[in-house]
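The following exercises concern the fold of one protein. Please work through each task with the sequence and the structure at hand before reading its solution.

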Amino acid sequence: MSGKTYGYVRVSTRAQKEDRQLIAMREFGVPPERIVVERQSGKDFERPVYLRLLRSLRRGDVLVVKSIDRLGRNYTEILEQWGCLTKEKRVSVVVLDMPLLDTREDRDLTGILVADIVLQLLSYVAQTERDYIRQRQAEGIAAAKARGVRFGRERIPMPAGFEELAMGWRQGRVTAVQAGRELGVSRTTFKRRAEEWASGGDGRI
């Protein structure tokens with residue numbers, strides 16, 4: 001006895017539209033009453049609609065998604081969900097954007113094997129790409145710093161009278177608390193900028 005076919009549609013924000021995913025589901029033949037839609041941001045990924053659907057799936061059912069990233073926010077999560085669906089729940093999965101990720105045919109042999117290999121390969125490529133991007137970003141930041149580029153918010157100049165107060169503090173005529181109060185900054189900020197100024201910095205906040 002064949003199972004039921006369900007479609008899972010997810011959009012990350014309220015501004016995003018689910019139209020393309022819904023059209024793809026209907027063209028595939030998913031009954032409208034078995035298409036579930038979830039609007040869930042990437043920041044909060046609890047996905048109650050998906051979890052309810054997961055609990056209702058039975059062996060032999062088919063779950064259709066438009067793209068593989070509908071199953072998770074990263075490939076670790078995607079691999080976990082894939083294993084849960086295909087091996088624990090014994091549900092067939094169809095990824096419309098990638099025909100190789102279709103476990104309906106030859107479930108016990110070729111279908112799941114090919115899908116698992118493709119998914120593992122995608123996971124490896126995605127992780128390698130993320131590592132490469134992080135490496136390039138680190139190299140770019142290091143090169144920019146070497147050129148004198150500053151990162152973070154733009155630091156504003158200290159108020160008028162800073163240098164005189166910094167000199168007084170260095171000579172012990174003024175305390176950091178007094179100087180900070182007069183300049184309208186904290187004692188810690190004044191001391192840090194005064195030390196930078198004494199060592200040749202520009203004394204910006």
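**Exercise 1. Determine the order of the strands in the sheet and the sense of their pairing.**

Solution. Step 1: the open sheet contains 4 strands in the order β2-β1-β3-β4, paired in parallel; strands (E, at least two residues) and helices (H or I, at least four) are DSSP runs numbered from the N terminus, and two strands pair if DSSP finds at least two bridges between them. Step 2: β2 (35-39) and β4 (92-95) are the edge strands, each pairing on one side only. Step 3: neighbouring strands are turned by 20 degrees against each other on average, direction ignored.

The model is predicted: local features need pLDDT of at least 70 and side-chain atom pairs 80 or more, while totals for chains, interfaces and linings use all residues. Residues are numbered from 1 along each chain as its sequence is written, and side-chain values use heavy atoms, without hydrogens and water.

**Exercise 2. Identify the residue pairs that stand opposite each other in β1 with β2, and in β3 with β4.**

Solution. Step 1: β1 (residues 5-11) pairs with β2 in the parallel sense over 5 bridges, and Val9 stands opposite Val37 in β2. Step 2: β3 and β4 also run parallel, joined by 4 bridges, with Val65 opposite Val95 in β4.

**Exercise 3. Establish which strands helix α1 lies across, and at what angle it runs to β1.**

Solution. Step 1: helix α1 (residues 19-28) lies across β1, β2, β3 (62-65) and β4, where contact means heavy atoms within 4.5 Å. Step 2: α1 runs at about 170 degrees to β1; axes are lines fitted to C-alpha atoms, for helices over the stretch in contact, and angles run from 0 to 180 degrees between N-to-C directions. Step 3: helix α2 (residues 48-56) touches β1, β2 and β3, and its direction makes about 150 degrees with that of β2.

**Exercise 4. Is Thr103 buried or exposed, and which backbone nitrogen lies 2.9 Å from its side chain?**

Solution. Step 1: Thr103 is located in the loop between β4 and α4. Step 2: Thr103 counts as buried because its relative accessibility is 0%; buried means under 20% relative accessible area, exposed over 50%, partly exposed in between (1.4 Å probe, protein chains only). Step 3: a polar atom of the Thr103 side chain lies 2.9 Å from the backbone nitrogen of Val93. Step 4: within β4, Val93 and Val95 point one way and Ser92 and Val94 the other, and all are buried.

Notes: A polar contact is a pair of N or O atoms within 3.5 Å; within protein, one must be able to donate a hydrogen and the other to accept it, and residues adjacent in sequence count only if both atoms are side-chain atoms.
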